[in-house]
2 protein chains.
Amino acid sequence: MNAPTGSEVYLPRGRRARKPSGDDRERDILITAERLLEHRSLHDISVDDLARGAGISRPTFYFYFPSKEAVVLSLLDRVVEEARANRAAALERAGDDAWEIWRDGLRAIHDTFRSHKALSRTAAQLFAENPEVRSVWSVVMEGFVGDTVAGIESERARGAAPDGPPARELAIALNWMNERVFLASFTGQDPSIDEERVLDTLLTIWSRAIYAEDRLAGA
Amino acid sequence: MNAPTGSEVYLPRGRRARKPSGDDRERDILITAERLLEHRSLHDISVDDLARGAGISRPTFYFYFPSKEAVVLSLLDRVVEEARANRAAALERAGDDAWEIWRDGLRAIHDTFRSHKALSRTAAQLFAENPEVRSVWSVVMEGFVGDTVAGIESERARGAAPDGPPARELAIALNWMNERVFLASFTGQDPSIDEERVLDTLLTIWSRAIYAEDRLAGA
DNA sequence: TGACTCAGTCAACACTATGTTGATAGCTTG
DNA sequence: CAAGCTATCAACATAGTGTTGACTGAGTCA
């Protein structure tokens, strides 16, 4: 069924797609990149490393991607798509209690990026220096923020959550908090963060920030 | 009085300090760097740009700093010192209510980095790619986190704050949230963040996360 | 079947930036 | 005034990026 995973979103930059062996090489480059990123930063990986890893020469690399940053961007698109899909699946299974929806949605996103730590770390770094990555990630965050705002406003409307700061500012702060703390946990940056428990702590903060009281945070 | 601002912390990498004209040049390089960073990223500034800006040749630059990253590190050390000093001064003025202490301390830190936006942005980026910057910033964050933990625990001990997640995890999440949201506000990344009001929103989240209720967040 | 096209490939080149060497010019100090 | 240190830079070596132009081989179709 030709797996329409939604990665059509990613338009194959620099490649006039179609033929057989070419797609394999493109895939080899992506795999090589994610593998090498486990052990060094993008800066410490040369285009030559990626090319050799995929069994081609450096100029040939440029036939497939315009730069090594574009490779990361392509990987990021795929993982973002995976996160969306996992979140949708989780919400499918969740009940219709607003709190349960947040909890399971956040867990799905966390777990997806957690299974691509190296890429997450790299994307966070490129966010600062690469406009395209910044743009992709801003759209992703905006999606999360928008959902959060809608959730907060509907909870406030039905009297379940008290008033407070503008829903949008609250949502921005909470979502960026998650992003940053997930990353710190993935990179083992602070050894006192328990990778298994971070999410519960963050959920408690969400609960208190939105409801000014504790909801059930456990699984 | 020879201004012992505390920047002794920064050991003059690569420079056998003492004589006259040399200190001027070092200062010129630092000033040039902070000026150029207002308009482009560190990556887009070459060592040659810094050297010319300070009126010297590229090799001479290396007499003063081992790399352009070292220049940023030096600037960062200074701003961190400034933040510490401003925070200490603010706490001097504050009463002894725990909440007031947090509010004024956070405001001092926010204002300091806000007056060095370009450097803050650059440091955040270098955090990901440069071990020395990561180390400096980790120490700074650890200071904030440690203070926050102490505050939370003392509030819990005297019954002013309810139980909840481990104080340290809570403190880490709240402090990283601030770091990330300050940065987003400085870079104008999300136009819906009101640079004047962010701090109040963050303070409300701190209040609810720690006390599970609202304290006075206004000035 | 033979001329044409086109994805795929790479050696060689041009360019840019970093960091190093070695030589030199000028204080300043005993 | 010679020894020693600070400060300086032309020239070099190196590493990485991105581009050009030419070659190959598989499919196409007149």
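In the predicted model, Ala212(B) is placed in the segment that follows α9 of chain B, and its phi is near 60 degrees, a positive value in a residue other than glycine. The corresponding position of chain A can be described in similar terms: Ala212(A) lies in the segment after α9 (198-211) of chain A, and, although it is not a glycine, Ala212(A) has a positive phi of about 55 degrees.

The helix α9 of chain B is also one of the elements that take part in the interface between the two chains, which is described next. In this interface, 35 residues of chain B are in contact with 35 residues of chain A, and the area buried between the two chains is about 3,100 Å², of which carbon and sulfur atoms give 60%. On the side of chain B, the residues that lose the most area to chain A are Glu169(B), Arg180(B) and Arg208(B), which together account for 22% of what that side buries.

Four salt bridges are found by the rule across the interface of chain B and chain A. Arg180(B), already named among the residues that lose the most area, forms a salt bridge with Glu179(A), in which the closest N and O atoms are 3.9 Å apart. Polar contacts between chain B and chain A amount to twelve residue pairs, counted with both residues at pLDDT 80 or more. The elements of chain B that give two or more residues to the side touching chain A are α6 (117-129), α8 (167-186) and α9 (198-211), and the largest share of that side, eleven residues, comes from α8(B). By class, the residues of the side of chain B that touches chain A divide into 18 nonpolar, six polar and eleven charged.

Within chain A, the assignment distinguishes domain 1, covering residues 12-66, from domain 2, covering residues 72-218. The contact between these domains takes eleven residues from domain 1 of chain A and 13 residues from domain 2 of chain A, while the centres of the two domains, taken over C-alpha atoms, are separated by 30 Å. About 980 Å² is buried between domain 1 and domain 2 of chain A, and carbon and sulfur atoms give 60% of this area. The side of domain 1 of chain A that touches domain 2 has five nonpolar, one polar and five charged residues. Across this interface between the domains of chain A, zero salt bridges are found by the rule, whereas two residue pairs are in polar contact, with both residues at pLDDT 80 or more.

Helix α7 of chain A, formed by residues 131-157, has 27 residues and reaches 38 Å from its first C-alpha to its last, a span close to the 39 Å expected at 1.5 Å a residue. The N-terminal end of α7(A) is capped by Asn130(A), a side-chain oxygen of which lies 2.9 Å from the backbone nitrogen of Glu132(A). Beyond the other end of this helix, just after α7(A), Gly159(A) takes a positive phi of about 75 degrees.

Conventions: Residues are numbered from 1 along each chain as its sequence is written. Chains are lettered from A and ligands numbered from 1 in the order in which they are written. This is a predicted model: local features need pLDDT of at least 70, side-chain atom pairs count only at pLDDT 80 or more; totals for chains, interfaces and linings use all residues. Side-chain values use heavy atoms; hydrogens and water are left out. Domain bounds come from an automatic or database domain assignment. Contact means heavy atoms within 4.5 Å. Buried area is the accessible area (1.4 Å probe) that two parts lose on being put together, summed over both. A salt bridge is a side-chain nitrogen of Lys or Arg within 4 Å of a carboxyl oxygen of Asp or Glu. A polar contact is a pair of N or O atoms within 3.5 Å; within protein, one must be able to donate a hydrogen and the other to accept it, and residues adjacent in sequence count only if both atoms are side-chain atoms. Ala, Val, Leu, Ile, Met, Phe, Trp, Tyr, Cys and Pro count as nonpolar, Asp, Glu, Lys and Arg as charged, and the others, Gly among them, as polar. Helices (H or I, at least four residues) and strands (E, at least two) are DSSP runs, numbered from the N terminus. The expected span of a helix is 1.5 Å times one less than its number of residues.
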